[in-house]
Amino acid sequence: MTILSFFSSDDIFFKLLGVDGQRESHELSGDVVAEDFSILVGNVHQLEECFELLQNYSFVQWKEDQKSYAMHKLVHAWGYDRLCRDKQYTFSRETFQLIRNAVSGCSDRAEDKLRLVPHVMANFATLANVNEGTDSRLAGILDALVSTGVFLTDIGRFAEGYIIEKYVLEKRRRILGEEHPNTISAMNNLAITLGDQGHLDEAATIQKEVLEKMRRILGEEHPNTISAIEETAGSGRGAS
């Protein structure tokens, strides 16, 4: 199953593939990876058969303590490297959708959310790699990555959230320009995360720039401008 190479190689559990211990329906959005895979996703019995076959060939190993599979790192790398760039893009997009579904359907338990982080970051790394130099493909991804960054920062994974939010800001600056509202919003998100990490001076500098742009582009009375004023005041109190 090539798509496993687009998750983290460790702790591959069925919820990532749309299964919660019983048969569930799941529709892939965007590109379809393969007809066979669209049948497998959400079907616990067929997935079990596939993993049993992979285990027979030592491609994956069952980890009883985690109740999940681990994929041999060389097999994991080979599954990605053997694909052409277009296929890498297709698989990374579909894995991204599966992970988004897992995030949205995750329980409120901290350990369940933290379990998704390695898969979020592994998939982000492939997305960033296959989309390098192809900004036209990013339009539908950047907005979704914003929510991914929010998920990470909400569970206290500020370092990982910063990586994604910085990427979103860099791409929006290049694609949309410095003055676009989405670019300004990305700046604001990054500033908040920097503040959460304790980088108060840097956060304050960015938030002041955000406020200046919002005042000029949106006006003093716009809700986003008012919110930026409050955030700038807060960062100013904490910054040295």
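I began with the secondary structure and found ten helices and two strands in the chain. The model is a predicted one.

I then read the order of elements along the sequence, which is α-α-β-β-α-α-α-α-α-α-α-α. The two strands thus sit after two helices in that pattern.

Next I looked up totals for the chain. It has 240 residues, and 43% of them count as buried. I noted an accessible surface of about 12400 Å². Carbon and sulfur atoms hold 51% of that surface.

I also checked contacts between residues at least 6 apart in sequence. Of these, 65% join residues at least 24 apart.

For one helix pair I went into detail: helix 5, residues 110–130, and helix 6, residues 139–154. Their axes come within 11 Å and cross at roughly 150 degrees. Angles over 145 degrees count as roughly antiparallel, so helix 5 is roughly antiparallel to helix 6. I recorded the crossing of helix 5 past helix 6 as left-handed.

Which residues make the contact between helix 5 and helix 6? From helix 5 I listed Lys 113, Leu 116, Val 117, Val 120, Met 121, Phe 124 and Leu 127. From helix 6 I listed Ile 141, Leu 145, Thr 148, Phe 151 and Leu 152.

I sorted the residues of this contact by type and got ten nonpolar, one polar and one charged. The charged one is Lys 113 of helix 5, and the polar one is Thr 148 of helix 6.

Note on methods:
Residues are numbered from 1 along each chain as its sequence is written. This is a predicted model: local features need pLDDT of at least 70, side-chain atom pairs count only at pLDDT 80 or more; totals for chains, interfaces and linings use all residues. Side-chain values use heavy atoms; hydrogens and water are left out. Axes are lines fitted to C-alpha atoms, for helices over the stretch in contact, and angles run from 0 to 180 degrees between N-to-C directions. Helices (H or I, at least four residues) and strands (E, at least two) are DSSP runs, numbered from the N terminus. Angles under 35 degrees count as roughly parallel, over 145 as roughly antiparallel, 65 to 115 as roughly perpendicular and the rest as oblique. A crossing is left-handed if the near helix is turned anticlockwise from the far one by less than a right angle, and right-handed if clockwise. Contact means heavy atoms within 4.5 Å. Buried means under 20% relative accessible area, exposed over 50%, partly exposed in between (1.4 Å probe, protein chains only). Accessible areas come from the Shrake-Rupley method with a 1.4 Å probe; for residues, only the protein chains shown count as cover.
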